[in-house]
Amino acid sequence: MSIQTNIQTSATPLGRDDLARLVARDIAPGSFVNLGIGQPTLVSNYLTEEQNITLHTENGMLGMGPEAKGDEIDGDLINAGKIPVTELPGASYFHHADSFAIMRGGHLDICVLGAFQVSATGDLANWHTGAPDAIPAVGGAMDLATGAKDVFVMMTLLTRDGVSKLVDTCSYPLTGVGCVTRVYTEKAVFLTGPDGVRVRETFGCTFEELQALVPVPLLH
């Protein structure tokens, strides 16, 4: 396959809000979606009314709106990451067990999760680094990874030590196997699957510069 160098769509890497806006834009109208803790929670702020997206949070709510600000804040109305949120018309509340039944039963079109590592074939590691002093925090991640029809990941491409989080094989304990379909980072959007990793677009770097950062053969 010949190498194309015209997939750069931004002169600089994307900030957290720009990345959240991009993910929000890519969610199909009418979808039922769960947003994981961390970066994914920002996505709710950029969904439009026209998209008609129904947000689910694992602590028992359908119809969650954007993050609550100022007088909108209700201490009893939070998402799974304990961030105050708003409710949209028609929002409903239910038992934790019913919430997990939605997750496990294949009723979610998309979940957006953070990650420590994603493998070239879409394996996900996002609950434990394996470090002796690390605190495991699986929550509902395994249920979401196996129950949602599509799993999008939002993460920085590199660790603080400059090591790629997109890897050939995950070295951390797995959350799900072959479940990730897209990876959104500040430097690129990757499409993962059995055929390998395809780069959809890059931000602030060329395809060749991106390949130099990632120890996985990239396609486009």
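## A tour from the pockets to strand β13

The residues that line the second largest pocket are 9 nonpolar, 8 polar and 1 charged, and because this is a predicted model, what you select along the way should be read as a prediction. The space in this second largest pocket comes to about 350 Å³. To find the place in your viewer, select N52, I53, T54, M64 and L88, which of the 18 lining residues are the closest to the centre of the pocket. Then colour β3 (54-57), β4 (61-67) and β5 (85-93), since these are the elements that give two or more residues to the lining of the second largest pocket.

Move next to the largest pocket, which holds about 570 Å³ of space. Here the selection to make is G36, I37, G38, G114 and N126, the residues closest to the centre among the 28 that line the largest pocket. Two or more lining residues come from each of β2 (32-35) and α3 (141-147), and these are the elements to show as cartoon around the largest pocket. If you colour the lining of the largest pocket by class, you should find 15 nonpolar, 11 polar and 2 charged residues.

Leave the pockets now and select residues 196-203, which form strand β13. Which strand pairs with β13 in the antiparallel sense? It is β12 (residues 188-193), and the pairing of β12 with β13 runs over 6 bridges. A hairpin of 2 residues joins β12 to β13, and to see one point of contact between these strands, show L191, which stands opposite R198 in β13.

Keep R198 selected and add L219 in β14, because this residue too is one that R198 stands opposite. Strand β14 (residues 218-219) runs parallel to β13, and 2 bridges join them. Between these strands, trace helix α4 (residues 207-213), which together with β13 and β14 makes a right-handed β-α-β unit.

For the last stop, select residues 8-10, strand β1, which pairs with β13 in the parallel sense over 2 bridges. Show Q8 and T202 together, and you will see that Q8 stands opposite T202 in β13. As you turn the view along the strands, it may help to bear in mind that side chains in a regular strand alternate between the two faces of the sheet.

How values were computed. Residues are numbered from 1 along each chain as its sequence is written. This is a predicted model: local features need pLDDT of at least 70, side-chain atom pairs count only at pLDDT 80 or more; totals for chains, interfaces and linings use all residues. Side-chain values use heavy atoms; hydrogens and water are left out. On a 1 Å grid over the protein atoms alone, a cavity is a set of points where a 1.4 Å probe fits but cannot get out, and a pocket is an open set with protein on both sides within 12 Å along at least five of seven lines; lining residues have an atom within 4 Å of a point. Grid points are joined across faces, edges and corners, and a volume is the space filled by probe spheres set on the points. Helices (H or I, at least four residues) and strands (E, at least two) are DSSP runs, numbered from the N terminus. Ala, Val, Leu, Ile, Met, Phe, Trp, Tyr, Cys and Pro count as nonpolar, Asp, Glu, Lys and Arg as charged, and the others, Gly among them, as polar. Two strands pair if DSSP finds at least two bridges between them. A crossover is right-handed if, with the strands pointing away from the viewer, the path from the first strand over the helix to the second runs clockwise.
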